[in-house]
Amino acid sequence: MTTSWRPHQVCLRPLSPQAGHEVALKAWAQWCEQNAGSTCELALSGHWLITCAAPREQALAQWDHYLGLSAIALEQAWVLRSVQKPTLNLSCAAPRALMEGIQKIAREHSVKLQWVGPWWARDAQRWLTALGKAPASSGDEQTLQALEPGLNTHLTVGLDDQGKRCLRQVWAEASDEAGPSNAVVPTQARTEQTRLDISADTSLAPWPNPGSSTWQSGWADELDFAGPRVRTALWSWALLILGVAACMAVAEQAQEAAVAQAEAQAMLHRLERAQHQQTMARAAPRAASAAGPAARQKLDEAATRQAAQVAQWLAYPWSAVIGRVEQSALQERAVLTGFSLDISSLGAAKLDVRPPVRLQAALRDDASALRWVAAHGEGAQMLGRSALSTPFEAMTGHYGLRAEATWPAGATP
């Protein structure tokens, strides 16, 4: 949390222009292991970078012409970042293998890369900002020399066709490996210098970035090889907190409104129900006085008959009848396929009338069919038998016959 607001600032460079990435990545891995979980801004040496003061497409054309790097090859092996402003066009590329190694090591140690870019980018931004506030001199060029061990990077600013200052050239040249302390002090009045104070035999060291505490984001942040990312300002967190508070307040008001609406609807339903009950209460005496004794007697007789019929249905020995049917089928190993009982016959005038039960079953042969019918007891009759349309095999044998019988339910066996 401490380095989220004030991240570590370190610089990474090769020990020599001809050295590979392995030594630098090893030094970076050691630093990440010692500072696991921190936030870091990583400045890259110009030895690894190619830079051009031109938009992306023009820079690709120049690198293809002078360095033999085609657009396809550059896309595969380099990470390209560009800045396009009215008075500033700058393209810069870093080796993809180096960037992938840096990011992989950072992930392994939970190090957050807040910015990875040219070490001179922020100094160049401050320099260009200061030049923009100064009055323009006719035709005079301004130069910034970015000095580091073994390399000098030059940025030249001049006037465009409209008389406005713009970045015109960026180039690099080899210098003394001893470091910027041995660089010659500029003799031209319109040349300024910025120095990377790091020893030539060091791969990684703290990045002395003067003015970092008062740094303002700008085009230098667009030269972020680990990005691009959206940087959140302090006021955005305040807006977020205000938005959350407003949402909570609105949600509470909405909940209160929903509760009030539910209570109002419940009150309305109670009032409607009370009004309906009063209407029914007023109408009931009139309906009772209008209906004569004959109508009430007729209603009582119909209700009595219906109650008697229901009582007969309930008094019928359902369990005994169904038990007899199942026992007869089990006795002859019959497979029941139909059972029907007309309950309307239970309401007949004679209480001793036994309603007929119609049965259907699949049997193995004629003898089994006759025994199955006789097993139901007195009054059981065979209505017919026929071959099954689809005979089937079971554990109890081959079933190829369908028999239909009737039995007066309740008869004794």
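Take "partly exposed" to mean a relative accessible area between the under 20% of a buried residue and the over 50% of an exposed one. R333, with a relative accessible area of 47%, is therefore partly exposed. Keep that scale in mind, since it comes back all through this briefing. The model is a predicted one. What follows covers a small sheet, the salt bridges, a nonpolar patch, some aromatic pairs and two residues with positive phi.

**The three-stranded sheet**

- β3, β5 and β4 line up in that order to make an open sheet, with antiparallel pairing.
- At the edges sit β3 (50-52) and β4 (78-85), each of which pairs on one side only.
- On average, neighbouring strands here are turned by 10° against each other, if you ignore direction.
- β4 and β5 (residues 88-95) run antiparallel and are joined by eight bridges.
- For a landmark, look for R81, which stands opposite C92 in β5.

**Salt bridges: the R122 network**

- The salt-bridge count for the model comes to nine.
- Side chains of opposite charge can pair when their charged atoms come close.
- E41, R122 and D221 are worth a look together, as salt bridges link them in a network.
- One arm of it is R122 with E41, where the closest N and O atoms are 2.8 Å apart.
- That arm links distant parts of the chain: R122 belongs to helix α6 (residues 121-133) and E41 to strand β2 (residues 39-44), with their positions 81 residues apart.
- R122 and E41 are both buried.
- The other salt bridge to pick out joins R122 to D221, and here the closest N and O atoms are 3.9 Å apart.
- This pair also links distant parts of the chain, since D221 lies in the loop between β11 (204-206) and α7 (234-290), 99 residues from R122 in helix α6.
- D221 is buried, just as R122 is.

**Salt bridges: E404 and R358**

- Away from that network, E404 and R358 bring their side chains together in a salt bridge, at 2.5 Å from N to O.
- E404 is in strand β15 (residues 397-408) and R358 in strand β13 (residues 356-363), so this salt bridge ties together parts 46 residues apart in sequence.
- How buried or exposed is E404? With 19% relative accessibility, E404 counts as buried.
- R358 has 42% relative accessibility and so counts as partly exposed.

**A nonpolar surface patch**

- W318, I322, F339 and I343 make a nonpolar patch of about 330 Å² on the surface.
- W318 is part of helix α9 (residues 318-331).
- The relative accessible area of W318 is 33%, so this residue is partly exposed.

**Aromatic pairs**

- A pair of aromatic rings is described by the distance of the centres and the angle of the planes.
- The model has three aromatic pairs by count.
- Among them is W28 with W31, a stacked pair with 5.5 Å centre to centre and 5° between the planes.
- W28 and W31 are three residues apart in helix α2 (residues 22-34), so about one helical turn separates them.
- Both of these tryptophans, W28 and W31, are buried.
- F392 and Y399 also pair up: their ring centres are 5.2 Å apart and their planes are at 5°, so this pair counts as stacked.
- F392 has a relative accessible area of 30%, so F392 is partly exposed.
- Y399 comes out at 1% relative accessibility and therefore counts as buried.

**Positive phi values**

- Most residues other than glycine have a negative phi.
- Which way does S110 go? The phi of S110 is near 55°, a positive value in a residue other than glycine.
- S110 sits in the loop between α5 (96-108) and β6 (112-118).
- S110 has a relative accessible area of 52%, so S110 is exposed.
- R333 also has a phi near 55°, again a positive value in a residue other than glycine.
- You'll find R333 in the loop between α9 and β12 (335-341).

Key
Residues are numbered from 1 along each chain as its sequence is written. This is a predicted model: local features need pLDDT of at least 70, side-chain atom pairs count only at pLDDT 80 or more; totals for chains, interfaces and linings use all residues. Side-chain values use heavy atoms; hydrogens and water are left out. Two strands pair if DSSP finds at least two bridges between them. Helices (H or I, at least four residues) and strands (E, at least two) are DSSP runs, numbered from the N terminus. Axes are lines fitted to C-alpha atoms, for helices over the stretch in contact, and angles run from 0 to 180 degrees between N-to-C directions. A salt bridge is a side-chain nitrogen of Lys or Arg within 4 Å of a carboxyl oxygen of Asp or Glu. Buried means under 20% relative accessible area, exposed over 50%, partly exposed in between (1.4 Å probe, protein chains only). Patches are made of residues with over 30% relative accessible area and no salt bridge: like charges are joined within 9 Å, nonpolar side chains (Val, Leu, Ile, Met, Phe, Trp, Tyr) within 5 Å. Accessible areas come from the Shrake-Rupley method with a 1.4 Å probe; for residues, only the protein chains shown count as cover. Rings of Phe, Tyr and Trp (its six-membered ring) pair if their centres lie within 6.5 Å; planes under 30 degrees apart count as stacked, over 60 as edge-to-face and the rest as tilted.
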